[in-house]
Amino acid sequence: MVARGVIRFAGRPIIRAAAVAAGPAEKKNSPFSNQFDRLHDSELCGQKTNEQAHRQLIEDACDLVLNKAEKTMSDADYLVCGDLVNQMTPSNFAAASTGLPYVGLFSACATSTSALANAALLTEAGGASLVLAGAASHHNAIERQFRYPIEYGFKKPQNAQWTVTAAGIAAVTPHEKGYPEIAQATVGRVVDYGLTDPLNMGAAMAPAAFDTFRRHLEAAGTAPEDYDVIITGDLGAIGTQLFLQMASEAGYNVEGERWRDAGKEFYGGDSAFFSGASGAGCSAAIFFSDVYNRMMEGEYSRALLMATGALLSPLSFQQGESIPCTCHAIELTMGEGEER
């Protein structure tokens, strides 16, 4: 019997291609920028507003991934994506421009993996031959909504994180040899650690990451040593430390280079970006560039992607509520499935 919240994909849908579009801070400061497919020189990405630029990033990533998969928009069956802006309007407007049947998702910064899970479900059910799946964020648009407009000049504490300007989209298709296979998904539970500081996202999300990590390994019957990489979404330096501490106290071996966090790595540990990166585009950008590329090159044969999300809103924060969090996991493998 499969554990509650765990989905095993017998058909092994694949990620046929992946693409990332990013902004100027990412171009200048991210050590992964040479793996991103399009880099804008302006936060506005040629648009009039930050929110329009946010939409542009999604449209860019969709076009780029279709080109890499040697497909056109007319070949795609669905767009499955989301972002952090009210009612996900950047994703909604991008969906309008693509003309695709659209599944809008909100898992906060965990949307990259929830999109992959839903895309794999649509493919496994035989309802799609090509699904575009991913997530995006935009620094200025998100800061204005959740914190303060950047013009305000609000000074952040060092435990804060920097919202990434980027979109990452994957092309999910039925099984084909030679590509990362979506073997299993673990849908995260909502875990509330009782923290109320919206600037300390990493600490708030770490318990949700550990809960999903433990559930996934128990359901899969695996140990950390069975994976080439276990990468969380955007815990940052502080959240990563807490997550690894929880894992160690539970008896898991947390030694070695297999443990990574997209948020901690995104800007190369530069203290100008505080504890690291965040935003729905953070994990999407790293998962759909560096991790995907390493799998295609043979460096990784088994990867556990665990995107984390803080499910607060400006209103819940203003009302003094704590910050509920989640984490969705996707297990990718290379070459374990049979040709179908």
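Here are two short exercises on a predicted model, each with a worked solution.

**Exercise 1: strand S2 and its neighbours**

Work out how covered strand S2 is, which strands it pairs with, and what stands opposite Ala21.

*Solution.*

Step 1. Start with burial: S2 spans residues 14–22, and nine of its nine residues are buried. That makes the strand mostly covered.

Step 2. Now look for partners. Strand S8, residues 166–173, runs antiparallel to S2 and is joined to it by eight bridges. Strand S3, residues 38–39, pairs with S2 as well, in the parallel sense and over two bridges.

Step 3. Zoom in on Ala21. Towards S8, Ala21 stands opposite Ala167. Towards S3, the bridge partner of Ala21 is Arg38.

**Exercise 2: helices H2 and H3**

Find how the axes of H2 and H3 lie to each other, and say which residues make the contact.

*Solution.*

Step 1. Take the axes of H2 (residues 50–68) and H3 (residues 89–98): they come within 8 Å and cross at roughly 50 degrees.

Step 2. Turn the angle into a word. Roughly parallel would need an angle under 35 degrees, and roughly perpendicular would need 65 to 115. The two helices are therefore oblique to each other.

Step 3. Check the hand: H2 passes H3 in a right-handed crossing.

Step 4. List the contact. H2 brings Glu51, His54, Arg55, Ile58 and Glu59, while H3 brings Pro90, Ser91, Phe93, Ala94 and Ser97.

Step 5. Sort the residues of this contact of H2 with H3, and you get four nonpolar, three polar and three charged.

Technical notes:
Residues are numbered from 1 along each chain as its sequence is written. This is a predicted model: local features need pLDDT of at least 70, side-chain atom pairs count only at pLDDT 80 or more; totals for chains, interfaces and linings use all residues. Side-chain values use heavy atoms; hydrogens and water are left out. Buried means under 20% relative accessible area, exposed over 50%, partly exposed in between (1.4 Å probe, protein chains only). Helices (H or I, at least four residues) and strands (E, at least two) are DSSP runs, numbered from the N terminus. Two strands pair if DSSP finds at least two bridges between them. Axes are lines fitted to C-alpha atoms, for helices over the stretch in contact, and angles run from 0 to 180 degrees between N-to-C directions. Angles under 35 degrees count as roughly parallel, over 145 as roughly antiparallel, 65 to 115 as roughly perpendicular and the rest as oblique. A crossing is left-handed if the near helix is turned anticlockwise from the far one by less than a right angle, and right-handed if clockwise. Contact means heavy atoms within 4.5 Å. Ala, Val, Leu, Ile, Met, Phe, Trp, Tyr, Cys and Pro count as nonpolar, Asp, Glu, Lys and Arg as charged, and the others, Gly among them, as polar.
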